Amino acid sequence: MNTEDLGNSKILNLLFKPAGMMMGSRLRRRLLDPLKTLQGADIQPGQTVLEVGCGTGFFTIPAAQLIGDQGCLVAMDVLSDYVECVSKKVQSADLRNVHVIKRDALDTGLDAESIDKVLLFGVIPFPALPLSRLLPEMHRVLRPQGTLAVWLFPISGWIPKSIIRSGLFTYISKRNGVHNYRRC
Ligand SMILES: C[S@@+](CC[C@H](N)C(=O)[O-])C[C@H]1O[C@@H](n2cnc3c(N)ncnc32)[C@H](O)[C@@H]1O
């Protein structure tokens, strides 16, 4: 399925459009501080960071602030509504270091070894993002010393072992609920 078909798929739209309200809700913000969570990913100023499945941008604006003017955040989602929503937020915050793109994360079209850090925040496990295809693509776009940061919903405890078992990443640490891996 190409990006256009995936973005228009009924299942994805049915699932995520109502979820959009929850993603940016005040309750979520009270329960989960996005900046503190992102600090667990050890984002450094000046880095080039890929955020997979940015949704309504809960993590996007604080991530852009951590990266600073010299860095670059590629915020990616497959749903047009979310891409538009995040683009508006980025414009109103006058952030010049964010590129919001509509793309399937399984086939990003990004250059090989062009990214310092990938953020998989609240996006796995999900049928449209099978690890068997997502991890090789993330490995391809990451620089040799690049890192993968994964924030999971509490029910996804088996994911960290699956990432290690892929043989593509080694475990570094868990900080503020974020699992960090280095590209092998
Ligand atoms: C549960 S939401 C999480 C959004 C955001 N990371 C957050 O925590 O608020 C998952 C997001 O992944 C996106 N997504 C699902 N499959 C995708 C794919 N193959 N490529 C890019 N984005 C995808 C969905 O459209 C949705 O916005």
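The following exchange concerns the ligand site, the cores and one helix of a predicted model.

Colleague: Which conventions apply to this model?
Modeller: Residues are numbered from 1 along each chain as its sequence is written, and side-chain values use heavy atoms, with hydrogens and water left out. The model is predicted: local features need pLDDT of at least 70, side-chain atom pairs count only at pLDDT 80 or more, and totals for chains, interfaces and linings use all residues.

Colleague: Which residues come nearest to the ligand?
Modeller: A residue is near the ligand if one of its heavy atoms lies within 4 Å of it. By class, the shell has 15 nonpolar, 3 polar and 4 charged residues, where Ala, Val, Leu, Ile, Met, Phe, Trp, Tyr, Cys and Pro count as nonpolar, Asp, Glu, Lys and Arg as charged, and the others, Gly among them, as polar. Of the 22 residues around the ligand, those that come nearest are Arg 28, Gly 53, Asp 77, Asp 104 and Phe 121.

Colleague: How much of the ligand's accessible area does the protein cover?
Modeller: A ligand nitrogen atom is 2.8 Å from a polar backbone atom of Phe 121, and a ligand nitrogen atom is 2.9 Å from one of Ala 105. On its own the ligand has 600 Å² of accessible area (Shrake-Rupley method, 1.4 Å probe). The share covered by the protein is 96%.

Colleague: Is Met 76 buried or exposed?
Modeller: Met 76 lies in strand β2 (residues 72-77; strands are DSSP runs of E, at least two residues, and helices runs of H or I, at least four, numbered from the N terminus). Its contacts (heavy atoms within 4.5 Å) beyond four places in sequence include Leu 50, Val 52, Ile 101 and Leu 110. With a relative accessible area of 1%, against a limit of under 20% for buried and over 50% for exposed, partly exposed lying in between (1.4 Å probe, protein chains only), Met 76 is buried.

Colleague: Which element gives the largest share of the largest nonpolar core?
Modeller: Such a core is a set of buried Ala, Val, Leu, Ile, Met, Phe, Trp, Tyr and Cys residues joined through side-chain atoms within 4.5 Å. The largest has 28 residues, and Leu 50 and Leu 148 are among those touching the most other members. The largest share, 5 residues, comes from α7.

Colleague: How many residues of α5 are buried?
Modeller: Helix α5 covers residues 60-67. Its buried residues include Ile 61, Ala 64 and Ile 67, and what covers the buried residues includes α4, β1 and α6. Mostly covered, the helix has 8 residues, and the buried ones number 6.

Definitions and conventions. A polar contact is a pair of N or O atoms within 3.5 Å; within protein, one must be able to donate a hydrogen and the other to accept it, and residues adjacent in sequence count only if both atoms are side-chain atoms.
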